[in-house]
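These are my notebook entries on a structure that is new to me. I record what I looked up, topic by topic.

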Amino acid sequence: MSLKVIGAGLGRTGTYSLKLALTDLGFGPCHHMEEVGKAMPVQVPLWQVALDGRPDWAAIYDGFNSAVDWPTARFFRQLHAAYPDARFILSHRSPQS
């Protein structure tokens, strides 16, 4: 399985709604920050290695067709290099809202 859609927006910019929409549109399952919390013993070490510059994207996103929210958004440049055919969505909102 390879990522088809990657969200580059930070949390609180509609990322959970985007996750639900991607799933409804057939791009699920979608990796979201809640997946890190659900599988901390597996996910946290993988993300720590990614922060050290040695990401294993296949292991991090095993079983997922899309990804949104943190920590994915932190790595949008690296993910673009790893998944050049993926579509990227940048969600944002005004600081006032």
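**Entry 1: aromatic pairs.** I worked from a predicted model. I searched the whole structure for aromatic pairs and obtained five. I began with Trp 47 and Phe 75: their ring centres are 5.5 Å apart and their planes stand at 35°, so I entered this pair as tilted. I then looked up where the two residues lie. Trp 47 belongs to helix H3 (residues 40–51), while Phe 75 is in the loop between strand S3 (66–67) and helix H5 (76–82). The pair thus links distant parts of the chain, 28 residues apart. I found both Trp 47 and Phe 75 to be buried.

Phe 75 also pairs with Trp 57, and I noted this pair as edge-to-face, with 5.5 Å from centre to centre and 65° between the planes. Here too distant parts of the chain are linked: Trp 57 is in helix H4 (residues 57–60), 18 residues from Phe 75 in its loop between S3 and H5. Trp 57 is buried, as is Phe 75.

Which residues do the ring pairs link into a cluster? I listed Trp 47, Trp 57, Tyr 61 and Phe 75. I also checked for a charge at Phe 75 and found the charged end of Arg 74 over its ring, 4.8 Å from the ring centre.

**Entry 2: nonpolar cores.** As general background, I noted that nonpolar side chains in soluble globular proteins tend to be buried together. In this model the largest nonpolar core has 15 residues. Those with the most contacts inside this core are Leu 3, Trp 47, Trp 57, Ile 60, Tyr 61, Leu 79 and Tyr 83. I asked which elements give two or more residues to this core, and the answer was H3 and H4. H3 gives the most, with three residues.

I then listed the contacts of Trp 47, leaving out residues up to four places away in sequence. Trp 47 touches His 31, Val 36, Trp 57, Ile 60, Tyr 61, Pro 71, Thr 72 and Phe 75. I also recorded a second, separate core of five residues, among them Val 5, Leu 18, Cys 30 and Val 68.

**Entry 3: helix H1.** Which residues of H1 are buried? I found Thr 15, Leu 18, Lys 19 and Leu 22. Viewed down the axis of H1, the buried residues fall within an arc of 105°, so I recorded them as lining one face of the helix. Ser 17 and Asp 24 are exposed on the other side of H1. I looked up what covers the buried residues of H1; the cover includes S1, S2, helix H2 (33–38), S3 and strand S4 (87–89). After H1 comes Gly 26, with a positive phi near 95°.

**Entry 4: backbone geometry.** I recorded a cis peptide bond joining Gly 28 and Pro 29, with omega about -5°. Pro 29 is in the loop between helix H1 (15–24) and strand S2 (30–31). Another cis bond runs from Trp 70 to Pro 71, with omega near 0°. I placed Pro 71 in the loop between S3 and H5.

I also looked for positive phi in residues other than glycine. Arg 12 has phi near 75° and lies in the loop between strand S1 (5–7) and H1. Asp 69, also not a glycine, has a positive phi of about 75° and is in the loop between S3 and H5. Are these two residues buried or exposed? Arg 12 counts as exposed because its relative accessibility is 67%. Asp 69 counts as buried because its relative accessibility is 8%.

**Entry 5: two further residues.** I looked up Ser 66, which lies in strand S3. Its relative accessible area is 0%, so I entered Ser 66 as buried. Beyond its neighbours within four places in sequence, Ser 66 is in contact with Leu 3, Val 5, Leu 22, Phe 27, Gly 28, Pro 29, Cys 30 and His 31.

Last, I turned to Phe 76, which is in helix H5. Phe 76 counts as partly exposed because its relative accessibility is 32%. With neighbours within four places in sequence left aside, Phe 76 is in contact with Ala 8 and Phe 88. I also looked up its separation from Leu 46: the two are 30 residues apart in sequence and 16 Å apart in space, C-alpha to C-alpha.

Key. Residues are numbered from 1 along each chain as its sequence is written. This is a predicted model: local features need pLDDT of at least 70, side-chain atom pairs count only at pLDDT 80 or more; totals for chains, interfaces and linings use all residues. Side-chain values use heavy atoms; hydrogens and water are left out. Rings of Phe, Tyr and Trp (its six-membered ring) pair if their centres lie within 6.5 Å; planes under 30 degrees apart count as stacked, over 60 as edge-to-face and the rest as tilted. Helices (H or I, at least four residues) and strands (E, at least two) are DSSP runs, numbered from the N terminus. Buried means under 20% relative accessible area, exposed over 50%, partly exposed in between (1.4 Å probe, protein chains only). A charge sits over a ring if NZ of Lys or CZ of Arg is within 6 Å of the ring centre and within 35 degrees of the ring normal. A nonpolar core is a set of buried Ala, Val, Leu, Ile, Met, Phe, Trp, Tyr and Cys residues joined through side-chain atoms within 4.5 Å. Contact means heavy atoms within 4.5 Å. The arc is that of the directions from the helix axis to the C-beta atoms.
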